[in-house]
Amino acid sequence: MTELRGIEPGMPTLEATYRELHLPLRRLAFLLTGSRETAEDVVQNAFASAQPRWDGIEAPAAYLRRSVVNLAKDHHRRELRRRRLLRVEPEAVTAIPELDETWALIRRLPSIQRAVVVLHFYEDLPLVEVGRLLGRPASTVRSDLRRALARLRKDLS
């Protein structure tokens, strides 16, 4: 099939990449957005936007992960505007009260700090890779993480 598409041998097809990365990317999007439906939409949009330029993407996994992070940030911006207008409370992430409380606190973090926490602790990415994904220097990401953890500690105590 790759020969039919004109892709070099060894380059993953969009379909193969989708099968391999759909679930991990959906998990990442869920952790960033707190909504299963929104996570699915974010991942679908990431793949849809990658499709026209697929042949030129050198690192598909990194490209798609960054796309998911950016689309989740866009979602948060839209949600913030919507909630300001409607004064709507966000949906719960889990059914376990302790986790809901923690997620509620994580969701209150600024979007960059929230993304750093999720990418580092839930995606288990090193801070240098988190910095690459977010387009921020590693030292800034370390500061973001430090501030996020300090705020979470304060709020949890």
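The paragraphs below lead through this predicted model, from its overall make-up to its core, its cavity and a few single residues.

The chain is built from helices: there are eight of them, with zero strands, so that the order of elements from the N terminus reads α-α-α-α-α-α-α-α. Of the 157 residues in the chain, 39% are buried. Among the contacts in the chain with a separation of 6 or more, 59% join residues that lie 24 or more positions apart. The accessible surface of the chain amounts to about 9,500 Å², and 53% of this surface belongs to carbon and sulfur atoms.

Turning to the interior, the largest nonpolar core holds 39 residues, and the ones with the most contacts inside this core are Leu64, Val68 and Leu119. Two or more residues of this core come from each of α2 (14–33), α3 (36–50), α4, α5 (97–108), α6, α7 (127–134) and α8 (138–156), while α2 gives the most, with eight residues. Val68 offers a way to look at this core from a single position: once its neighbours within four places in sequence are set aside, Val68 is in contact with Leu25, Leu28, Ala29, Val42, Val43 and Ala46.

A general point helps when following helices such as these. An α-helix has 3.6 residues a turn, so residues three or four places apart point the same way.

The next feature is an enclosed space. Rolling a probe the size of a water molecule over the atoms shows where empty space is left. When the whole structure is searched, one cavity of 30 Å³ or more is found, and about 50 Å³ of space lies in the largest cavity. The residues that line the largest cavity are Leu32, Val69, Ala72, Lys73, His76, Ser111, Arg114 and Ala115. At least two residues of this lining are supplied by each of α4 (60–86) and α6 (111–122), and α4 gives the most to the lining, with four residues. By character, the lining of the largest cavity divides into four nonpolar, two polar and two charged residues.

Thr38 is a residue worth finding in helix α3. Thr38 counts as buried because its relative accessibility is 16%, and the cut-off for buried is under 20%. Leaving out residues up to four places away in sequence, Thr38 touches Thr33 and His75.

Further along the chain, the loop between α6 and α7 is the place of Asp124. Most residues other than glycine have a negative phi, and most peptide bonds are trans. Asp124, although it is not a glycine, has a positive phi of about 60°. With a relative accessibility of 64%, Asp124 counts as exposed, since the cut-off for exposed is over 50%.

Beyond this loop comes α7, a helix that is mostly covered, with six of its eight residues buried. The buried residues in α7 are Leu127, Glu129, Val130, Gly131, Leu133 and Leu134, and α7 is also among the elements that give two or more residues to the largest nonpolar core. After α7 comes Gly135, whose phi is positive, near 70°.

Key. Residues are numbered from 1 along each chain as its sequence is written. This is a predicted model: local features need pLDDT of at least 70, side-chain atom pairs count only at pLDDT 80 or more; totals for chains, interfaces and linings use all residues. Side-chain values use heavy atoms; hydrogens and water are left out. On a 1 Å grid over the protein atoms alone, a cavity is a set of points where a 1.4 Å probe fits but cannot get out, and a pocket is an open set with protein on both sides within 12 Å along at least five of seven lines; lining residues have an atom within 4 Å of a point. Grid points are joined across faces, edges and corners, and a volume is the space filled by probe spheres set on the points. Ala, Val, Leu, Ile, Met, Phe, Trp, Tyr, Cys and Pro count as nonpolar, Asp, Glu, Lys and Arg as charged, and the others, Gly among them, as polar. Buried means under 20% relative accessible area, exposed over 50%, partly exposed in between (1.4 Å probe, protein chains only). Contact means heavy atoms within 4.5 Å. Accessible areas come from the Shrake-Rupley method with a 1.4 Å probe; for residues, only the protein chains shown count as cover. A nonpolar core is a set of buried Ala, Val, Leu, Ile, Met, Phe, Trp, Tyr and Cys residues joined through side-chain atoms within 4.5 Å.
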